[in-house]
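This report looks at how helices pack in a single model, and at the backbone of the loops that join them.

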Amino acid sequence: MENFEIYCFAEKMKMLSIIFSSILTRYSAYLNDNKEPEPREIIWWILDEISRESSIAVNVTKSELLSEALELIDETEASIVSGNIEEAIRKIANATTRITTEADRTLRKIEEKKNRE
């Protein structure tokens, strides 16, 4: 496995760890108050953290597709809050499609550059 691939997976794992750490911190705050959060609230926490981490990627990369995906993630949050789970599922699927498209497109560019060298 090349160093670039290791880097990509390390970044993925880092993002997941950051998100999970934040969720655990929020959950711990509830437990300290002898409360239990609602499942919908936990889902919202996860989307909120994904949105926060994704906004960093959008600001750094200036990618149009990632920006569109972030908008869909934010819309997914709104759908969850309003209780429209079906719409939330559609929106997160559309966001995933845009993210996947950007990843595939970028990988092709990297491979083309590597082949020219």
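The text below takes up a helix pair, then a nonpolar core, then two loop residues.

The model is predicted. In it, the axes of helix α2 (residues 39-61) and helix α3 (residues 64-82) come within 9 Å and cross at roughly 165 degrees. Because angles over 145 degrees count as roughly antiparallel, α2 is roughly antiparallel to α3, and the crossing of the two helices is left-handed. On the α2 side the contact includes Arg40, Ile43, Trp44 and Leu47, while on the α3 side Leu70, Ile73, Glu77 and Ile80 are among the residues met. By class, this contact of α2 with α3 has 10 nonpolar, 6 polar and 4 charged residues.

The largest nonpolar core has 7 residues, namely Leu47, Ala69, Leu72, Ile73, Ile80, Ala88 and Ala95. Both α3 and α4 (85-116) supply at least two residues of this core, and α3 gives the most, with 4 residues. Leaving aside its neighbours within four places in sequence, the core member Ile80 is in contact with Arg40, Ile43, Leu47, Ile85 and Ala88.

Two loop residues other than glycine have a positive phi, Asn34 and Lys62, and they are set side by side here.

| Residue | Phi | Loop | Relative accessibility |
|---|---|---|---|
| Asn34 | about 55 degrees | between α1 (3-32) and α2 | 76% |
| Lys62 | near 60 degrees | between α2 and α3 | 65% |

Because exposed means over 50% relative accessible area, Asn34 at 76% counts as exposed, and Lys62 at 65% is exposed as well.

Notes. Residues are numbered from 1 along each chain as its sequence is written. This is a predicted model: local features need pLDDT of at least 70, side-chain atom pairs count only at pLDDT 80 or more; totals for chains, interfaces and linings use all residues. Side-chain values use heavy atoms; hydrogens and water are left out. Axes are lines fitted to C-alpha atoms, for helices over the stretch in contact, and angles run from 0 to 180 degrees between N-to-C directions. Angles under 35 degrees count as roughly parallel, over 145 as roughly antiparallel, 65 to 115 as roughly perpendicular and the rest as oblique. A crossing is left-handed if the near helix is turned anticlockwise from the far one by less than a right angle, and right-handed if clockwise. Contact means heavy atoms within 4.5 Å. Ala, Val, Leu, Ile, Met, Phe, Trp, Tyr, Cys and Pro count as nonpolar, Asp, Glu, Lys and Arg as charged, and the others, Gly among them, as polar. A nonpolar core is a set of buried Ala, Val, Leu, Ile, Met, Phe, Trp, Tyr and Cys residues joined through side-chain atoms within 4.5 Å. Buried means under 20% relative accessible area, exposed over 50%, partly exposed in between (1.4 Å probe, protein chains only).
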